[in-house]
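Hi,

Here's the structure I promised to pass on. Have a look at it first, and then read on for my notes.

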Amino acid sequence: MAKVTVRYWAAAKAAAGVAEEAYEAVTLADALDSVRERHTGELTRVLLRCSFLVDGDPVGKRAHDAVRLADGGTVEVLPPFAGGCR
């Protein structure tokens, strides 16, 4: 099992009440299940709209149970951002 840091951004950070947390998980799906167990309520709803980076690489449409985590790795939780460049 890998020890990873889950970092929350924007609405995910507000819903979690912390900027980052440590988890032990084998896959992204395992890590997100642990996040949902620890944070019921708003964060669970926010996660439905988020995209994820694992060690800087976008997960995209890959199945979360197929994304393996490395020991010491990082999962970035990115809610949709509003706005843009003009």
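**What I found**

Let me start with Thr27, which sits in the loop between strand S2 (20–25) and helix H2 (28–38). Keep in mind that this is a predicted model. Thr27 has a relative accessible area of 7%, so it falls under the 20% cut-off and counts as buried. What does Thr27 touch, leaving out residues up to four places away in sequence? The list is His64, Asp65, Val67, Arg68 and Leu69.

Next up is Glu76, in strand S5 (residues 74–78). Is Glu76 buried or exposed? Its relative accessibility is 13%, and that makes Glu76 buried, because the limit is 20%. The side chain of Glu76 makes a polar contact of 3.2 Å with the side chain of Arg7. Arg7 also turns up among the residues that Glu76 touches, together with Trp9, Ser51, Phe52 and Leu53, again not counting residues up to four places away in sequence.

Ala70 is in the loop between strand S4 (57–58) and S5. With 37% relative accessibility, Ala70 is partly exposed. Setting aside residues up to four places away in sequence, Ala70 touches Ala2, Lys3, Val4 and Asp55. How far apart in space are Ala70 and Val26, given that 44 residues separate them in sequence? From C-alpha to C-alpha, Ala70 and Val26 are 7.9 Å apart.

Asp55, one of the residues that Ala70 touches, has a backbone detail you may want to look at. Asp55 is not a glycine, yet it has a positive phi of about 50°. You'll find Asp55 in the loop between strand S3 (51–54) and S4, and it is partly exposed, with a relative accessible area of 42%.

Ala10 also has a positive phi of about 50° without being a glycine. Ala10 is placed in the loop between strand S1 (2–8) and helix H1 (11–16). Its relative accessibility is 42%, so Ala10 lies between the 20% and 50% limits and counts as partly exposed.

**The whole chain**

Zooming out, the protein has 3 helices and 5 strands. Followed along the sequence, they come in the order β-α-β-α-α-β-β-β. The radius of gyration is 12 Å, close to the 12 Å that the globule rule gives for 86 residues, so the protein is as compact as a globular protein of that length. If you're setting up a box, the C-alpha atoms fill one of roughly 45 × 25 × 20 Å along the principal axes.

How much of the protein is buried? Buried residues come to 37% of the 86. As for contacts with a separation of 6 or more, 57% of them are between residues 24 or more positions apart.

On the surface side, the protein exposes about 5,300 Å², and 52% of that comes from carbon and sulfur atoms. For charges, there are 11 positive and 12 negative side chains. The centres of those two sets lie 7 Å apart.

If you open just a few spots, I'd go for Thr27 and its contacts with residues including His64 and Leu69, the 3.2 Å polar contact between the side chains of Glu76 and Arg7, and the positive phi values of Ala10 and Asp55.

Cheers

Conventions: Residues numbered from 1 in each chain as written. Predicted model: local features only at pLDDT ≥ 70, side-chain atom pairs only at ≥ 80, totals over all residues. Heavy atoms only, no water. Helix = DSSP H or I, 4+ residues; strand = E, 2+ residues; numbered from the N terminus. Rg over C-alpha atoms; globule rule 2.2 N^0.38 Å. Buried < 20%, exposed > 50% of the residue type's maximum accessible area, 1.4 Å probe, protein only. Contact = heavy atoms within 4.5 Å. Areas by Shrake-Rupley, 256 points an atom, 1.4 Å probe, with all protein chains shown as cover. Lys, Arg positive; Asp, Glu negative; His and termini not counted. Charge placed at Lys NZ, Arg CZ, Asp CG, Glu CD. Polar contact = N/O pair within 3.5 Å; in protein donor to acceptor, adjacent residues only side chain to side chain.
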